[in-house]
Amino acid sequence: MRIPIRMIGIATTFFWIFLIAFFVSAVYSVKDVHFDFGEPQMDVTSDNKVIFSLLVSITNRGFYNIGSFNISTEVSDKEGFTITRGSTFIPVINKNDVVTITHNMTIDVNDLLQRDKNYLFNDTELKIYEAVSMRIADVIPVQASTNFSMPWGAPLYNFTLGKAEYTAHNLTHFKVVVPIGFENRAFFDLVGNIQIQMYNSTDIIVGEGQTNIEAHHNSPYNGHLELYVSIGEMTESGHFEVYFLTLLFNYGPLVIPYG
Amino acid sequence: MADANNDSKKTVRNFTFKALKATVKGTLFYGIYFVLWMYLAPISGIVPDLQQMVETFVIVYIFLIIVGELTSRTVFQYFFNVAKALFVIGYLIFSFKSGIFGLTFQNVRLMIDFRLFLVIAMLLSLLGLAKSVFQAINYMNEKAEYPLI
């Protein structure tokens, strides 16, 4: 019985040494893994979606390969509704290797507006959940995650139509000049078109007009829109219906009363 | 009288040898801990109480090694070997809990899955426990056989 006991002892000792050496070296080699996150870039895709790109560089100078490397990002609103999510996966990062990846995330602003039109007119905060996971030495799963919030600037912040100015155009029509003002607080430039329809108090359309807008991000916009209305159908009060047609989103009607 | 003197000398010599062996084993174990800790030290700043936990383990384990050596060639040696194996199992369960280790550091939540390591370590500890039980059985067998011869 002594020999089997001795064999068990030798095998146990061998496996303990192997296990501890492997575990300690795997943990130790984590300090030689470096991550470099570049500046986030923003672009507009051909199908008019906003795409965020983050350049990530992973330098693995550890003793072992890193397996199943995954970066995932989830953007949600205050109520927890998921606006977008994106993930980037690398099957293996070999030791003594440098891997550079682009982590992309796409936001469809139209989808966002379907959820809540306030994103157009009011600033808010978006919640971001970021998680990086990997398998150290291909066997020890590690995940680091964090939550933070990012301000959302409204592209049409404080959108207002000013007091309309009426001038006689001819015997049958008035020329109406409507001042438009807002501040583009979004992270993207706003390029597109604003259409306004003018309705009288009996909800009959009396005139319409449109103007092109180009508002750079974080800058105010002040312009005006001209429309011609029939004198006979004009009333003292009524409402405007405003439509926004831009590269990134279409929205309307926004109803603004006058008179 | 001379026999009694010889026995006494033999006992002292045996005890000195056991104490020397226990000291060497304890020092060797502490040396291994010292070397390994140099590799683990960088993460001790992130993991709270890691050094205290490891030191507690090392102190208790060295104590059991020394006591086990001092009681060698008696049945108590195997009791202490079993205690050592049980201590390792208990320590692993206590310190690793479910095997998923989590900590929060400056709004970043870190999660490490040690389940595979824990399973292997537990199996090795159980093997060590089985070995100690076999050794105790073997010792008792041999002790029972010799008087018959």
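This note goes through a predicted model of two chains, A and B, point by point.

1. **Overall form of chain A.** Start with the longer view. Chain A holds 3 helices and 16 strands. Its C-alpha trace spans about 120 × 30 × 25 Å along the principal axes. The radius of gyration of chain A is 30 Å. A compact globule of 259 residues would have a value near 18 Å.

2. **Two domains.** Chain A is divided into domain 1, residues 34-152, and domain 2, residues 157-258. How far apart are the C-alpha centres of the two domains of chain A? They lie 39 Å apart.

3. **Where the domains touch.** Domain 1 of chain A puts 11 residues in contact with 10 residues of domain 2 of chain A. On the domain 1 side, three elements each supply at least two residues: strand E2 (41-44), helix H2 (109-115) and helix H3 (118-121) of chain A. The largest share, 3 residues, comes from H2(A). By class, this side of domain 1 has 7 nonpolar, 2 polar and 2 charged residues.

4. **An open sheet in chain A.** Look next at strands E13, E12, E15 and E16 of chain A. These 4 strands form an open sheet, in the order E13-E12-E15-E16. The pairing is antiparallel. Which strands stand at the edges? They are E13 (205-215) and E16 (250-258) of chain A. Each has a single partner strand, so one side of each is left without a neighbour in the sheet. From one strand to the next, the twist averages 20 degrees.

5. **One strand pair in detail.** Within that sheet, follow strand E12 of chain A, residues 190-200. It runs antiparallel to E13(A), and 10 bridges join the two. To find the pairing by eye, start at Leu190(A): this residue stands opposite Ala215(A) in E13(A). As background, strands of a sheet pair through backbone hydrogen bonds, either parallel or antiparallel.

6. **Two packed helices in chain B.** Now move to chain B. Helix H2 (residues 50-70) and helix H3 (residues 75-96) of chain B pack with their axes 9 Å apart. The angle is about 170 degrees. H2(B) and H3(B) are therefore roughly antiparallel to each other. For this label, the angle has to be over 145 degrees.

7. **What the helices touch with.** On H2(B), the contact residues include Met53(B), Phe57(B), Val60(B) and Leu64(B). On H3(B), they include Phe80(B), Ala83(B), Phe87(B) and Tyr91(B). Some contact residues are of other classes: the contact of H2(B) with H3(B) has 10 nonpolar, 4 polar and 1 charged residues.

8. **Chain B against chain A.** How many residues does each chain give to the contact? Chain B gives 23 and chain A gives 22. On the chain B side, helix H1 (2-44), strand E2 (108-113) and helix H4 (115-148) each give two or more residues. H4(B) has the largest share, 11 residues. By class, the side of chain B that touches chain A has 16 nonpolar, 4 polar and 3 charged residues.

9. **Strands paired across the chains.** Strand pairing also links the two chains. Strand E8 of chain A, residues 140-152, is joined to E2(B) by 5 bridges. The two strands run antiparallel. A good place to look is Ala144(A), whose bridge partner in E2(B) is Leu110(B). E2(B) is also one of the elements that give two or more residues to the side of chain B touching chain A.

Methods. Residues are numbered from 1 along each chain as its sequence is written. Chains are lettered from A and ligands numbered from 1 in the order in which they are written. This is a predicted model: local features need pLDDT of at least 70, side-chain atom pairs count only at pLDDT 80 or more; totals for chains, interfaces and linings use all residues. Two strands pair if DSSP finds at least two bridges between them. Axes are lines fitted to C-alpha atoms, for helices over the stretch in contact, and angles run from 0 to 180 degrees between N-to-C directions. Angles under 35 degrees count as roughly parallel, over 145 as roughly antiparallel, 65 to 115 as roughly perpendicular and the rest as oblique. Two residues are in contact if their C-beta atoms, placed from the backbone, lie within 7 Å. Ala, Val, Leu, Ile, Met, Phe, Trp, Tyr, Cys and Pro count as nonpolar, Asp, Glu, Lys and Arg as charged, and the others, Gly among them, as polar. Domain bounds come from an automatic or database domain assignment. The radius of gyration is taken over C-alpha atoms; the globule rule is 2.2 Å times the number of residues to the power 0.38.
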